[in-house]
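User: Hi! I have a structure open and would love some help reading it. Can we go through it together?
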Amino acid sequence: MLNQPVPDFELPSTSNKTFRLSAAREKNLVIYFYPKDDTPGCTTEGQEFRDAYTEFTNADCDIVGISRDNIKSHEKFKAKMNFPFELLSDTDETVCNLFGVMKMKNMYGKQVRGIDRSTFVVDTKGILRREWRSVKVTGHVQEVLEFVKTLPNENHES
């Protein structure tokens, strides 16, 4: 999928919105998939994206987080963590499957199907420019930010 157009998708979003990829083209976009609201790794990852949010917006980039949690759970998590970006609910795994982030994982000795923590950068033309899979949280957001800063923004060329 790298350097290919990402198929358009639509998901329910926090702030009582509906997110549509094709409507989010004014900026480059970071899409990060995370396993579950309000769990330690997901909270840390979200906080790091939150803390770097101004740097991302200064680089003409927006951020959305996606998990299988419902909107009510997302709204609580977003409010508790004061996230400035939207969280998208993919309860039926449509977009998770589109990006191929579902996999079998070991949880407490059991095999469970879950989201493989992954991040994708889509440019203003809807082209997938970079992907990170099986992400380790520490240092990840900074790495994504450094990559985003290298992207031209076709809509705001100076």
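Analyst: Happy to; what follows is a chat about cysteines, salt bridges, a surface patch and two buried residues. Keep in mind that this is a predicted model.

User: Cool, let's start with cysteines. How many disulfides does the structure hold?
Analyst: It holds 0 disulfides.

User: Why is there no bond for Cys61?
Analyst: The closest cysteine sulfur to that of Cys61 belongs to Cys96, and it sits 20 Å away, which is too far for a bond. A disulfide needs the two sulfur atoms within 2.5 Å.

User: And what about Cys96, which cysteine sulfur is closest to its own?
Analyst: That would be the one in Cys42, 12 Å away, so again too far for a bond.

User: Are those two buried or exposed?
Analyst: Cys61 counts as buried because its relative accessibility is 0%. Cys96 is also at 0% and counts as buried.

User: New topic: salt bridges. How many are there?
Analyst: The count comes to 16 salt bridges. One of them joins Arg20 and Glu10, whose closest N and O atoms are 2.6 Å apart. Arg20 belongs to strand β2 (residues 17–20) and Glu10 to strand β1 (residues 10–13), so this pair links distant parts of the chain, 10 residues apart.

User: Which residues are in a network with that pair?
Analyst: Asp8 joins in: Asp8, Glu10 and Arg20 are linked in a network of salt bridges. As for exposure, Arg20 is partly exposed at 37% relative accessibility, and Glu10 is partly exposed at 45%.

User: Got another one? What does Arg113 pair with?
Analyst: Arg113 meets Glu93 in a salt bridge, with 2.6 Å from N to O. Arg113 is in strand β7 (residues 110–115) while Glu93 is in the loop between β5 and α4, so the bridge ties together parts that are 20 residues apart in sequence.

User: Is Glu93 buried or exposed?
Analyst: Glu93 is buried, since its relative accessible area is 12%. Its partner Arg113 counts as partly exposed, at 40%.

User: And who is the partner of Asp51?
Analyst: Arg50; their side chains form a salt bridge of 2.9 Å, N to O. Asp51 is exposed at 56% relative accessibility, whereas Arg50 is partly exposed at 24%.

User: Switching to the surface: which residues form the nonpolar patch?
Analyst: Met107, Tyr108 and Val112 do, and together they have about 360 Å² of accessible area. Met107 is part of strand β6 (residues 102–107), and its 41% relative accessibility makes it partly exposed.

User: Now inside. What does Glu86 do with its side chain?
Analyst: The Glu86 side chain makes a polar contact of 2.9 Å with the side chain of Ser15, and another of 3.0 Å with that of Lys78. Glu86 is in strand β5 (residues 86–89) and counts as buried at 16% relative accessibility. Leaving aside neighbours within four places in sequence, its contacts also include Thr14, Lys17 and Ile63.

User: Last one: where is Val144?
Analyst: Val144 is in helix α5 (residues 140–148), and it is buried, with a relative accessible area of 0%.

User: What does Val144 touch?
Analyst: Not counting residues up to four places away in sequence, Val144 touches Val30, Phe49, Phe56, Thr119, Val121 and Trp132. Take Val30: Val144 is 114 residues from it in sequence, yet their C-alpha atoms are 8.2 Å apart in space.

Technical notes
Residues are numbered from 1 along each chain as its sequence is written. This is a predicted model: local features need pLDDT of at least 70, side-chain atom pairs count only at pLDDT 80 or more; totals for chains, interfaces and linings use all residues. Side-chain values use heavy atoms; hydrogens and water are left out. Buried means under 20% relative accessible area, exposed over 50%, partly exposed in between (1.4 Å probe, protein chains only). Patches are made of residues with over 30% relative accessible area and no salt bridge: like charges are joined within 9 Å, nonpolar side chains (Val, Leu, Ile, Met, Phe, Trp, Tyr) within 5 Å. Accessible areas come from the Shrake-Rupley method with a 1.4 Å probe; for residues, only the protein chains shown count as cover. A salt bridge is a side-chain nitrogen of Lys or Arg within 4 Å of a carboxyl oxygen of Asp or Glu. Helices (H or I, at least four residues) and strands (E, at least two) are DSSP runs, numbered from the N terminus. A polar contact is a pair of N or O atoms within 3.5 Å; within protein, one must be able to donate a hydrogen and the other to accept it, and residues adjacent in sequence count only if both atoms are side-chain atoms. Contact means heavy atoms within 4.5 Å.
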